[in-house]
Amino acid sequence: MFNLQDPFFRPLWLRLLIVAICLVWAGFEYATGSPGWAVLFGGLGGWAIWQFFVVWTDPRREDENTTTKEDDHG
């Protein structure tokens with residue numbers, strides 16, 4: 001779907017902002033009587049939490065590990 005493991009999302013403030021926007025918008029939609037949109041944005045917020053904070057790997061660490069592994073073999 002979308003690559004949320006991209007180095008663009010490395011700053012913590014950006015990841016927190018994206019999650020907050022999704023969840024706040026879900027609350028807004030629910031409060032204004034649109035439960036379908038609330039579920040959609042709540043799901044996006046949940047998925048963003050999963051990607052940004054549960055399975056997140058720092059792109060710089062991956063680059064360091066890849067470089068180290070390549071150096072060990074060569």
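Which helix does Ile-49 lie in? Ile-49 lies in helix 2, and the views below start from the whole chain and then move in. This is a predicted model, in which local features need pLDDT of at least 70 and side-chain atom pairs count only at pLDDT 80 or more, while totals for chains, interfaces and linings use all residues. Residues are numbered from 1 along each chain as its sequence is written, and side-chain values use heavy atoms, with hydrogens and water left out.

**View 1. The whole chain.** Three letters sum up the chain: α-α-α. That is 3 helices and 0 strands, where helices (H or I, at least four residues) and strands (E, at least two) are DSSP runs numbered from the N terminus. Of the 74 residues, 22% are buried; buried means under 20% relative accessible area, exposed over 50%, and partly exposed in between (1.4 Å probe, protein chains only). The average pLDDT (the predictor's confidence in each residue, from 0 to 100) is 86, and 81% of the residues score at least 70. Confidence peaks in helix 1, at 96, and bottoms out in helix 3 (residues 59–73), at a mean of 62.

**View 2. The two sides of helix 2.** With 20 residues, helix 2 reaches 27 Å from its first C-alpha to its last, close to the 28 Å expected at 1.5 Å a residue; that expected span is 1.5 Å times one less than the number of residues. Its buried residues are Ala-38, Gly-45, Ala-48, Gln-51 and Phe-52. They share a side of helix 2 because they cover an arc of only 165 degrees around the axis, taken from the directions from the helix axis to the C-beta atoms. Flip to the other side and Gly-36 and Val-39 are exposed.

**View 3. A nonpolar patch on the surface.** Leu-12, Leu-16, Leu-23, Ile-49, Trp-50, Phe-53, Val-54 and Val-55 make a nonpolar surface patch of about 680 Å². Helix 1 (12–31) and helix 2 (35–54) are the elements that give two or more residues to it, and helix 2 has the largest share, 4 residues. Back to Ile-49: it is partly exposed, at 34% relative accessibility.

**View 4. The salt bridge.** The whole structure has 1 salt bridge, meaning a side-chain nitrogen of Lys or Arg within 4 Å of a carboxyl oxygen of Asp or Glu. Asp-58 pairs with Arg-10, their closest N and O atoms being 2.9 Å apart. Asp-58 sits in the loop between helix 2 and helix 3 and Arg-10 in the segment before helix 1, so the pair ties together parts 48 residues apart in sequence. Asp-58 is buried, at 18% relative accessible area, whereas Arg-10 is partly exposed, at 29%.

Note on methods:
Patch = residues over 30% accessible without salt bridge, like charges linked within 9 Å, V, L, I, M, F, W, Y side chains within 5 Å. Areas by Shrake-Rupley, 256 points an atom, 1.4 Å probe, with all protein chains shown as cover.
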